[in-house]
Structure formats: structure tokens, C-alpha cells
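Consider the protein and its ligand shown here. The text goes through the ligand site, then the charged pairs, then the backbone.

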Amino acid sequence: MARILVAYASKKGSTTEIAQAIGKELGASGHVVDVAEMGTVTSLNGYNAIVIGGPMYVGKIDGMGKFAKRHSTELARVPVAGFVVCLAAASKDPEGMAWAKKALHAALDPLRPVAEMVFAGRLDPAKLSWFQNWMIKKVNSPVGDFRDWAAIAAWARELPGKMGV
Ligand SMILES: Cc1cc2nc3c(=O)[nH]c(=O)nc-3n(C[C@H](O)[C@H](O)[C@H](O)COP(=O)(O)O)c2cc1C
């Protein structure tokens, strides 16, 4: 039994719910799991593995690079898995998905995650500012909830094996 932290960033809540779903799955496999917003995490002491996830906003993953730098020494000692939530995965846009992976590597560098994933997220125009709605219209972004809960759970179930915990 390992202690695992799922640390996430989220502006509109869709990544929060994905992090919680991952945490639930890890807990069901017998591990002790904390799911926490990155900004509230002060120490990684006592964790045997860390899952880090964040949403893509204008080509950058919210919060992840900052978190990885702040905890670089502790993160280098444990297996790390990373995930990105974005809309490029909803439209299966290969360029956008390649960009998301590149952004994940950049945010976690020099760490090499033992597992990584790009998940489709949610875009709810009612939750966006006028300017954000203008931006997403301009890039013809798909609108809706594209989260694939079965795929999220399946990825989470594979993590302990990949993390060696
Ligand atoms: C202003 C804005 C910019 C975005 N930029 C991108 C982007 O560059 N690439 C992408 O694939 N998705 C982009 N998205 C979609 C978000 O990544 C998606 O809505 C995600 O689920 C948001 O996560 P959250 O609810 O946890 O904040 C953008 C969404 C908004 C509102």
C-alpha cells in the first residue's frame, strides 16, 4: 500500500473532477490517496508517488511548471505521472495534441514521467468571460463536455503498475 498524491490545477473545474476520478480509482486499488489543488500543497514528504495534472490554456499548462519547480527535489525521488486536460483532445487535433504533450514535457522537465496522458476536457461558454468566449470562437473550438470517464479510470488503474507501487 502506497501513499499517492494527485496534485491538480483547474480554472473551471473540469480538471478537478478528473483528478478526483483518478484519486478514486487509485484508492479503490488499495492505496492511500490525497487529491489536492497544487497551490495548497506545501510538502511532498511521505508520498511514494505523485500524479500531476493541469488544463491547457492558450498553449500552456496551468500551474504545472511552477509546481514542478517548487518541489523539484522531492519530485526527483519518486515516480511521477502527468496528465493534461485540453480541447485539442476533444477534436482529436493531432497538432494540438502533440503540442499538449510537448507542453507537459516542458512543464515537468527534467523529470521523466512514468506515465503521461492527454485527456479531453470541458468547455462551457456560460462559465467564460466575454473575452474568453471571443477567443474560443476565433479558434473554432468545440464546445461541450468531452471527458471520457472510462478512459480516465482505465489510465488510473494502470498507474500503480507503471509507478511500481
Ligand atoms: C481561454 C481558453 C483558452 C484555452 N486554450 C486552449 C488551448 O490552447 N489548447 C487546448 O487544447 N484547449 C484550450 N482550452 C480548453 C481547456 O483546456 C479546457 O476547457 C479544459 O477542460 C479547462 O480545464 P478546467 O475546467 O480545469 O479549467 C482553452 C479554454 C479557454 C477557456
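What follows describes the ligand site, the salt bridges and two backbone features.

The model is predicted, so local features need pLDDT of at least 70 and side-chain atom pairs count only at pLDDT 80 or more, while totals for chains, interfaces and linings use all residues. Residues are numbered from 1 along each chain as its sequence is written, and side-chain values use heavy atoms, with hydrogens and water left out.

The ligand is surrounded by 20 residues, counting a residue if one of its heavy atoms lies within 4 Å. The closest are Ser10, Ser14, Thr15, Met56 and Tyr57. By class, this shell holds ten nonpolar, seven polar and three charged residues. Here Ala, Val, Leu, Ile, Met, Phe, Trp, Tyr, Cys and Pro count as nonpolar, Asp, Glu, Lys and Arg as charged, and the others, Gly among them, as polar.

Polar contacts are pairs of N or O atoms within 3.5 Å. A polar side-chain atom of Thr15 is 2.6 Å from a ligand oxygen atom. Two further contacts use backbone N or O atoms: that of Val58 lies 2.9 Å from a nitrogen atom of the ligand, and that of Leu87 lies 3.1 Å from an oxygen atom of the ligand. Taken alone, the ligand exposes 660 Å², of which the protein buries 89% (Shrake-Rupley method, 1.4 Å probe).

Which elements give two or more residues to the shell around the ligand? They are α1 (14-28), β3 (49-57), β5 (80-86) and β7 (122-123), where helices (H or I, at least four residues) and strands (E, at least two) are DSSP runs numbered from the N terminus. The largest share, three residues, comes from β3.

Away from the ligand, side chains of opposite charge can pair when their charged atoms come close. A salt bridge is a side-chain nitrogen of Lys or Arg within 4 Å of a carboxyl oxygen of Asp or Glu, and by this rule there are eight. One of them joins Asp34 to Arg3, with the closest N and O atoms 3.1 Å apart. This pair links distant parts of the chain, Asp34 being in β2 (residues 32-37) and Arg3 in β1 (residues 3-8), 31 residues apart.

Most residues other than glycine have a negative phi, and most peptide bonds are trans. Val58, in the loop between β3 and β4 (60-61), has a positive phi near 50°. The peptide bond from Asp109 to Pro110 is cis, with omega near 10°. Pro110 is in the loop between α4 (94-108) and β6 (115-120).

Methods. Polar contact = N/O pair within 3.5 Å; in protein donor to acceptor, adjacent residues only side chain to side chain.
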